[in-house]
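I open a fresh page for this structure. My notes below follow the order in which I looked things up.

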Amino acid sequence: MPSFSLEVIGDDSDFVHLDYAASAPCVRAAADAVQDLLPRYGSVHRGTGVRSQASTLAYELARDVVAEFVGARPGDTVIFTRNTTDALNLLARALPAGTTTVQFDGEHHANLLPWPNPLRLPTPASADEAVHALKQALDGLTGPAVLTVTGASNVTGEVWPVRELADVAHSYGVRVVVDAAQLAPHRPVDLEDLGADWIAFSGHKLYAPFGAGVLAGRSDWLDAAGPYLAGGGASAAVGDDLDDLVWATGAARHEGGTPNLLGAVAIAAVCEALTATDRFALHQQEQHLLARLRDGLAGIPEAVEVSVFGPDHPRVGIVSLALPGHDPAAVAQLLGRDHGIGVRAGQFCAHPLVRRLTGSEQTGSCSDGGTGLLRISFGLGSDIDDVDRLLAALAAVLRS
């Protein structure tokens, strides 16, 4: 039977992984769930044999578990996707014609680029400023609109005032999409608590790296839109005249093709394990590590922590550093090669935000460290020794 263990699976090498914001390691619950299903793996929704029936049951049970994890409301839909980017692109294609998308320009590219008719607001300097800017933007706006906002920044780790923004948006009749890729691994994500109409997140950042993601929320616009992928599963009936067809309803409408059963089961296993554990205790542990890291960085003046809302704003286990006089990519390489520590250097697929934080006008790839920052990120499995080792190694590299 699969376990509910949140133990991180690792090897015996003396390597410190501090790049969770890119991809988190797999936990035992996800791996065990996949291993348990493999002997019974079969085609989902398309067969009457034992394997197909068992696989279909596992897939739909995974949907139910994820629905509980996000606090899905009656009538909400849970769609399994490839990742957060896929989920947000799916929803962007389902918006009614003429919908305005309101967004702040500091979003990850996955939540910045897919949306039609964007109304982009400058990233604010405080949570209060964000709320005020949104009110000003929505005054006089007509027609259908959505606000799409990150739950936690993939660059600074700062938690955005999603509920406050959602309350403003809803007072204007504007719907709300939350990119929870960086929030879900660190904090509970509940649609009602967040005030979200939809939420999206990735398995590979939620300790379930098996190629699946989630879009969950209101079904009306999704049911009214054409299928995301036209093909088997999305079609309920196809006549000889290809114009004579009926598309499926519900999640199947947007899950064309053979679904990623193992990915869905892995995500559900982690969702179930997180639901069963003490999330407050996990939060406290993470905040303790975060405080130790930031306190230690204060003693390394060559590394300057960046933020959007200021140093006292709540955040998850992500810290990014400007390194004046140093190439972040070169520093990251030395940390990996000489000290066995994996971090990330670059612009983290958030180019406008990183340029603002660094005062740079340069552009580059998401991993172009020369024009970016050094990011440290952690989660389940990280400990004080990891933080202390990083601090000592970073000081040594910057002062060598």
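Where is the place of N117? I find N117 in the loop between helix 4 (109-112) and strand 4 (118-121). I keep in mind that this is a predicted model.

**Entry 1: backbone angles**

I looked up phi for N117. The value is near 45°, positive in a residue other than glycine. Most residues other than glycine have a negative phi. I therefore noted the surroundings too: N117 counts as partly exposed, because its relative accessibility is 43%.

I then turned to F348. F348 is not a glycine, yet its phi is positive, at about 55°. I place F348 in the loop between strand 14 (344-346) and helix 12 (351-358). Is F348 buried or exposed? F348 is buried, since its relative accessible area is 5% and the cut-off for buried is under 20%.

**Entry 2: R63 and its partners**

I went to helix 2 (residues 50-69), where R63 has its place. R63 counts as buried, because its relative accessibility is 11%. Which residues does the side chain of R63 meet? I noted two contacts. A polar atom of the R63 side chain lies 2.7 Å from the backbone oxygen of V78. The R63 side chain also makes a polar contact of 3.0 Å with the side chain of E255.

Side chains of opposite charge can pair when their charged atoms come close. I checked E255 and R63 on that point. They form a salt bridge, with 3.0 Å between the closest N and O atoms. E255 sits in the loop between strand 10 and helix 9 (261-276) and R63 in helix 2, so this pair ties together parts that are 192 residues apart in sequence. Both E255 and R63 are buried.

**Entry 3: other salt bridges**

How many salt bridges does a search of the whole structure find? The search finds 20 salt bridges. I wrote up some of them.

I took D167 and R163 next. Their side chains meet in a salt bridge, at 3.0 Å from N to O. Both residues lie in helix 6 (residues 162-171). They are four residues apart there, about one turn of the helix. D167 is partly exposed, with a relative accessible area of 41%. R163 is partly exposed as well, with a relative accessible area of 36%.

I then looked up E302. E302 forms a salt bridge with R399, and the closest N and O atoms are 3.2 Å apart. Why note this pair? E302 lies in the loop between helix 10 (279-297) and strand 11 (304-305), and R399 in the segment after helix 13 (384-398), so the pair ties together parts that are 97 residues apart in sequence. E302 is partly exposed, at a relative accessible area of 25%. R399 is partly exposed too, at 47%.

I also traced a network. Salt bridges link E158, R294, E305 and R315 in it.

**Entry 4: surface charge**

Which residues gather in a patch of negative charge on the surface? I list D240, D241, D243 and D244. I followed up D240. D240 is found in the loop between strand 9 (235-238) and strand 10 (245-247). D240 is exposed, because its relative accessible area is 85% and the cut-off for exposed is over 50%.

**Entry 5: C-alpha distances**

I looked up A251 in the loop between strand 10 and helix 9. A251 counts as buried, because its relative accessibility is 11%. I checked its distance to A234. The two residues are 17 residues apart along the chain, and their C-alpha atoms are separated by 8.8 Å.

I returned to helix 2 for S52. S52 counts as buried, because its relative accessibility is 7%. How far is S52 from R40, C-alpha to C-alpha? S52 and R40 are 8.1 Å apart in space and twelve residues apart in sequence.

**Entry 6: recap**

I mark the two loop residues with positive phi for another look: N117 near 45° and F348 at about 55°. I also keep the buried pair of E255 and R63 on the page, next to the partly exposed E302 and R399.

Conventions: Residues numbered from 1 in each chain as written. Predicted model: local features only at pLDDT ≥ 70, side-chain atom pairs only at ≥ 80, totals over all residues. Heavy atoms only, no water. Patch = residues over 30% accessible without salt bridge, like charges linked within 9 Å, V, L, I, M, F, W, Y side chains within 5 Å. Areas by Shrake-Rupley, 256 points an atom, 1.4 Å probe, with all protein chains shown as cover. Salt bridge = Lys/Arg side-chain N within 4 Å of Asp/Glu carboxyl O. Lys, Arg positive; Asp, Glu negative; His and termini not counted. Charge placed at Lys NZ, Arg CZ, Asp CG, Glu CD. Helix = DSSP H or I, 4+ residues; strand = E, 2+ residues; numbered from the N terminus. Buried < 20%, exposed > 50% of the residue type's maximum accessible area, 1.4 Å probe, protein only. Polar contact = N/O pair within 3.5 Å; in protein donor to acceptor, adjacent residues only side chain to side chain.
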